[in-house]
Amino acid sequence: CGLGRIILFFVVIAAVGVVSVPSGVIASGFAEIVQSKSKSKGATDGDAGGNAGDDWYDIAYRLLETHRAPPSIFGPGVDALQTRVKEYLDGRVDGTTGRVSRTPFSLVGRQLFFLLIITNIVAVILESVPEIDRSVGNAPGNFFDAFEAWSVFFFTVDYFLRLFSAGKSREALYSPWVYARTFFGIVDLISILPWYVQVLLASTGHPISGDEAKIFRIFRIFRILQLEDFIIAFSKLDNVFRASKDVLKATGLMAVIIWVGTSALFFIFEANNPNFRECDGSVPLVGTEDRPGCYDFESTSACNDFYPGMCDQAFFTHMPNTMYYVAVFLGGEWGVVDFTWQGKLVCMFLCIAGIALYSIPVGTLFDSFGAIVGLSEEEDEEEEDVKS
């Protein structure tokens, strides 16, 4: 009835709030303990300096603050060309204010490249719609194929220009090899490599099925990661994961223990639960002594012994199957709930543990992201104050 639904609505809200309180306390205490131990270990090892999430790259980047880019080994002509390419790609940094300025040519090129990334993402999405794909045509050289080829051409030029000018880029530690291993370098390579692999397979006579071609096309969606170059805050994502790695490791280990342990318990308690058993329509659900029903047997195998091939069970039939469903349970989704009383106890424990497990890594990542982005902004302000 309507009144019952209203009561249920408030009970759900209250239940979520009540369960979230102890879970939040557990998550907060766990994260604080792991982080405090990590900080004390860092101080003992002499790594107390620097910022959260710093690694060898961040340390080397700070050490190069007062160093000028080394001259090219190929002479002053190549050296000047590297500088011009670097200024086109990333702008010119004012040595006094630290601000980045761009020429009209560089600004237009950056905006067009941003538009190219967006249109590539839109093209991947539209191409996955069967009606649009059929209207464009699947014949070689169709619009999507031509657009992809031209896009790969421009992405490839950009990638090699960045490799060429890396010797003048402090962000690449003045090394093309370092740039190739950074997040931006890997993303730039991933954005073009699948297309070349597909072309190579086709040129060597390897037949590419529709599913294989779809995989190569979907790989293009990863070009969305290139947008990180246009949003400064997201360039700190790798620092966020490094700053949170101790908490994430501990949480991951605890999650595996709870996942495997509760899966074993669910398998023991629910393997023969008749609520998850399905039988052929000719088999009664509840029978008599002479003709037992589907729910009257102690196990599904016993049911199949009496009714060969007529009894089936889709849930908790073996450990891998059980671990799949428990992984879904840990995310807060309960596709099945008709447990035995022992399974209900495990379910109640898993509700609290699952919320706590989820809140620890997510909360830690957001806290670290805010702290590191804040540190980055403070460092930029300090550099501007020093230069001014």
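Is Phe339 buried or exposed? Hold on to that one, everybody; I'll get to it with the rings. First, some housekeeping. What we have here is a predicted model, where local features need pLDDT of at least 70 and side-chain atom pairs count only at pLDDT 80 or more, while totals for chains, interfaces and linings use all residues. Residues are numbered from 1 along each chain as its sequence is written, and side-chain values use heavy atoms, with hydrogens and water left out.

Let's start with helix H6, residues 143–165. Helices here are DSSP runs of H or I with at least four residues, strands are runs of E with at least two, and both are numbered from the N terminus. H6 has 23 residues and reaches 33 Å from its first C-alpha to its last. That is close to the 33 Å expected at 1.5 Å a residue, where the expected span is 1.5 Å times one less than the number of residues.

Which residues of H6 are buried? Buried, for this talk, is under 20% relative accessible area, exposed is over 50%, and partly exposed is in between, using a 1.4 Å probe and protein chains only. The buried residues of H6 include Phe144, Glu148, Ser151, Val152, Phe155 and Tyr159. Also among them are Asp158, Arg162 and Ser165. As a reminder, an α-helix has 3.6 residues a turn, so residues three or four places apart point the same way.

And what do those buried residues pack against? Their partners are helix H3 (76–90), helix H4 (104–127), helix H5 (130–136), helix H7 (176–181), helix H8 (183–190) and helix H9 (193–203). Contact here means heavy atoms within 4.5 Å.

Just after H6, please look at the loop between H6 and H7, where we find Leu173 and Tyr174. Leu173 is not a glycine, yet its phi is positive, near 55 degrees. Tyr174 also has a positive phi, about 55 degrees, without being a glycine. Leu173 is buried at 14% relative accessible area, and Tyr174 is buried at 17%.

Now, the rings. Rings of Phe, Tyr and Trp (its six-membered ring) pair if their centres lie within 6.5 Å; planes under 30 degrees apart are stacked, over 60 edge-to-face, and the rest tilted. How many aromatic pairs does that rule give? The count comes to 26. One of them is Phe306 with Tyr307, an edge-to-face pair at 4.8 Å centre to centre and 70 degrees between the planes. Phe306 is partly exposed at 42% relative accessibility, whereas Tyr307 is buried at 8%.

Then there is Phe329 with Phe339: the centres are 6.1 Å apart and the planes are at 75 degrees, so this pair is edge-to-face. The two rings link distant parts of the chain, with Phe329 in helix H14 (residues 319–330) and Phe339 in the loop between H14 and helix H15 (341–387), 10 residues apart. Here is the answer to my opening question: Phe339 is buried, with a relative accessible area of 5%. Its partner Phe329 is buried as well, at 2%. Both belong to a cluster linked by ring pairs, together with Phe266, Phe276, Phe315, Phe316, Tyr324, Tyr325 and Trp334.

Last topic, the cysteines. A disulfide is a covalent bond between the sulfur atoms of two cysteines, and here the test is a pair of cysteine sulfur atoms within 2.5 Å. By this rule there are 2 disulfides.

In one, Cys279 and Cys294 have their sulfur atoms 2.0 Å apart. The torsion about their S-S bond is about 75 degrees, so this disulfide is right-handed. Cys279 sits in strand S3 (residues 277–279) and Cys294 in the loop between S3 and helix H13 (300–306), 15 residues apart. Cys279 is partly exposed at 23%, while Cys294 is buried at 0%.

The other joins Cys303 and Cys311, with sulfur atoms 1.9 Å apart. At -50 degrees about the S-S bond, this link is left-handed. Cys303 is buried at 0%, and Cys311 is buried at 7%.

In sequence order, the bonded cysteines pair 1-2, 3-4. Where does that leave Cys347? Cys347 is in no disulfide, and the nearest cysteine sulfur, that of Cys351, is 4.3 Å away. Cys347 is buried at 16%, and Cys351 is partly exposed at 31%. Thanks, everyone!
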